[in-house]
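Colleague: Could you take me through this structure, please? I should like to begin with how exposed some of its residues are.

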Amino acid sequence: MNDPPPFAISGSTGLVGSALIDSLSADEIPALRLVRGERSPAPNEALWEPKAGKVDAARLEGVEVIVHLAGKHIAGERWTPQVKQQIVDSRVNSTRLLAETIASMDRKPRVFVCASATGYYGNRGDEPVDETSPAGEGFLAETCQQWEAACQPAWEAGVRVVQLRIGIVLSPKGGALEKMLPLFRWGGGGVLGSGDQVMSWIALPDLVRAIRFVAGNDAVHGAVNATAPQPVSNREFTKTLGAKLGRPTWAPAPAFALKLAMGEMAEPLLLHGSRVLPHRLEEAGFRFETPDLGSALDQVLGKGR
Ligand SMILES: NC(=O)c1ccc[n+]([C@@H]2O[C@H](COP(=O)([O-])OP(=O)(O)OC[C@H]3O[C@@H](n4cnc5c(N)ncnc54)[C@H](OP(=O)(O)O)[C@@H]3O)[C@@H](O)[C@H]2O)c1
């Protein structure tokens, strides 16, 4: 039988997962994709159905690194009670399933890297927060706490666990920036609400490098903020993005209009913020390619902006 690939990745069709797969394959590192659905898996796939609590554990035996990125999109639909439950379940149940599977394996991985989010810290104004700061309040903070706690079985089984508290991922291919770009290019960009809320962001290429860095660094474990070292206010973000695109940003979106249009998610996703600092990554020696927003936007938007 062939050796198992070193990496297994859930959510591999998503924004972060597909960039991670591309980065590994550029270095000729094979990866096993955890894929949902009922079909015969390709040689580089393992089937799982997190909703039903099923995973093909045999195919994961001998994998060195499991990176868990799957979860229902948090801004895909209005937050009805049912959608909120799906957002929680798709993260917490899938994480527990993988953590319990890891605990039961004969040849366990060296490390379980599980996504979490800076939503853990809640709405913190301008106060700098690092991995030692307490959790905040609200739906996202509670979701992140449950999500991280669901890794416990892997940790108890002696496997190194890293919970990556990811900030706003910058890429023109998905996430918040992809949504903003058409409006900004048209000249309709502007500050959201007061514009004072702090945006803790990370460029997608640095996030992929950070995932590979924590996977390969045995000294790193527990919560790790995956954010660039220079968070900015929404006002600063708006000004910088407008300048990079050569477009005006005179069209503010008042808080009441955002709440009317988006409902409950407007506050935690757009109007609240936190100044999240990547202390653990920096302490461990990780170097950001794009630590400031200007260079990050130059990198992700490229010349054809
Ligand atoms: N992008 C950001 O700005 C950001 C910020 C903070 C945290 N994060 C977290 O980082 C992780 C990766 O982010 P991303 O931007 O790559 O997310 P994404 O593009 O939305 O991809 C997530 C992937 O999860 C799987 N998925 C979707 N719905 C699911 C469900 N109901 N149950 C189980 N799996 C489901 C899908 O992959 P398959 O179809 O292949 O299973 C999907 O491609 C997510 O957990 C996200 O919450 C992202």
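Modeller: Certainly; please keep in mind that this is a predicted model. Let us begin with Asp218, which counts as exposed at 55% relative accessibility.

Colleague: Which residue forms a salt bridge with Asp218?

Modeller: The partner is Arg110, and the closest N and O atoms are 3.5 Å apart. The pair links distant parts of the chain, 108 residues apart. Arg110 is in the loop between helix H3 (81-104) and strand S6 (111-117), while Asp218 is in the loop between H7 and strand S12 (222-226).

Colleague: Is Arg110 exposed or partly exposed?

Modeller: Arg110 counts as partly exposed, because its relative accessibility is 37%, and partly exposed covers values between 20% and 50%.

Colleague: Which residues are joined with these two in one network?

Modeller: Salt bridges that share partners join Glu64, Arg110, Arg160 and Asp218 into one network.

Colleague: How many salt bridges does the structure hold?

Modeller: There are 15 salt bridges. One of them is between Asp27 and Arg212, with the closest N and O atoms 2.9 Å apart. These two residues are 185 residues apart in the chain: Asp27 is in the loop between helix H1 (15-26) and strand S2 (31-36), and Arg212 is in helix H7 (residues 204-216). Asp27 is partly exposed, with a relative accessible area of 47%, and Arg212 is partly exposed as well, at 24%.

Colleague: What about Glu148 and Arg165: are they buried or exposed?

Modeller: Glu148 and Arg165 are both buried. Their side chains meet in a salt bridge, at 2.8 Å from N to O. This pair also links distant parts of the chain, with Glu148 in helix H4 (residues 139-149) and Arg165 in strand S8 (residues 160-166), 17 residues apart.

Colleague: Which ring does Arg165 lie over?

Modeller: Arg165 lies over the face of Tyr120, at 3.5 Å from the ring centre. Another charge over a ring is that of Lys84, whose charged end sits over the ring of Phe139, 5.1 Å from its centre.

Colleague: Let us stay with rings. How many aromatic pairs are there?

Modeller: A search of the whole structure finds four aromatic pairs. Among them, Tyr120 and Tyr121 form an edge-to-face pair, with 5.1 Å from centre to centre and 80° between the planes. Both of these tyrosines are buried.

Colleague: Why is the pair of Phe286 and Phe288 edge-to-face?

Modeller: The planes of Phe286 and Phe288 are at 85°, so the pair is edge-to-face; the cut-off for that class is over 60 degrees. The ring centres are 4.9 Å apart. Phe286 and Phe288 are buried, and ring pairs link them with Phe213 into a cluster.

Colleague: Next, the sheet. What is the order of its strands?

Modeller: It is an open sheet of eight strands in the order S4-S3-S2-S1-S5-S6-S8-S12, with mixed pairing. The edge strands are strand S4 (54-55) and S12, each of which pairs on one side only.

Colleague: How do S8 and S12 pair?

Modeller: S8 and S12 pair in the parallel sense over five bridges. Ile166 stands opposite Ala226 in S12. All five residues of S12 are buried, so this strand is largely enclosed by the rest of the structure.

Colleague: And how many residues of S6 are buried?

Modeller: Six of the seven residues of S6 are buried, so S6 too is largely enclosed by the rest of the structure. Four bridges join S6 to strand S5 (residues 65-68), and the two run parallel. One facing pair is Val65 and Val111, the latter in S6. Elsewhere, S2 and strand S3 (residues 45-49) pair in the parallel sense over four bridges, and Arg36 has Trp48 in S3 as its bridge partner.

Colleague: Back to H7. Which residues are buried there?

Modeller: In H7 the buried residues include Leu204, Leu207, Val208, Ile211 and Val214. The 13 residues of H7 should span 18 Å at 1.5 Å a residue, and the end C-alpha atoms are 19 Å apart, which agrees.

Colleague: Finally, which residues does the UniProt annotation cover?

Modeller: The unreviewed UniProt entry carries the annotation "domain: DUF1731" for residues 253-299. Over residues 253-299 the chain is 55% helix and 4% strand, with its end C-alpha atoms 27 Å apart.

Notes:
Residues are numbered from 1 along each chain as its sequence is written. This is a predicted model: local features need pLDDT of at least 70, side-chain atom pairs count only at pLDDT 80 or more; totals for chains, interfaces and linings use all residues. Side-chain values use heavy atoms; hydrogens and water are left out. A salt bridge is a side-chain nitrogen of Lys or Arg within 4 Å of a carboxyl oxygen of Asp or Glu. Buried means under 20% relative accessible area, exposed over 50%, partly exposed in between (1.4 Å probe, protein chains only). UniProt positions are given in the numbering used here, feature names are shortened, and annotations may be inferred rather than shown by experiment. Two strands pair if DSSP finds at least two bridges between them. Rings of Phe, Tyr and Trp (its six-membered ring) pair if their centres lie within 6.5 Å; planes under 30 degrees apart count as stacked, over 60 as edge-to-face and the rest as tilted. A charge sits over a ring if NZ of Lys or CZ of Arg is within 6 Å of the ring centre and within 35 degrees of the ring normal. The expected span of a helix is 1.5 Å times one less than its number of residues.
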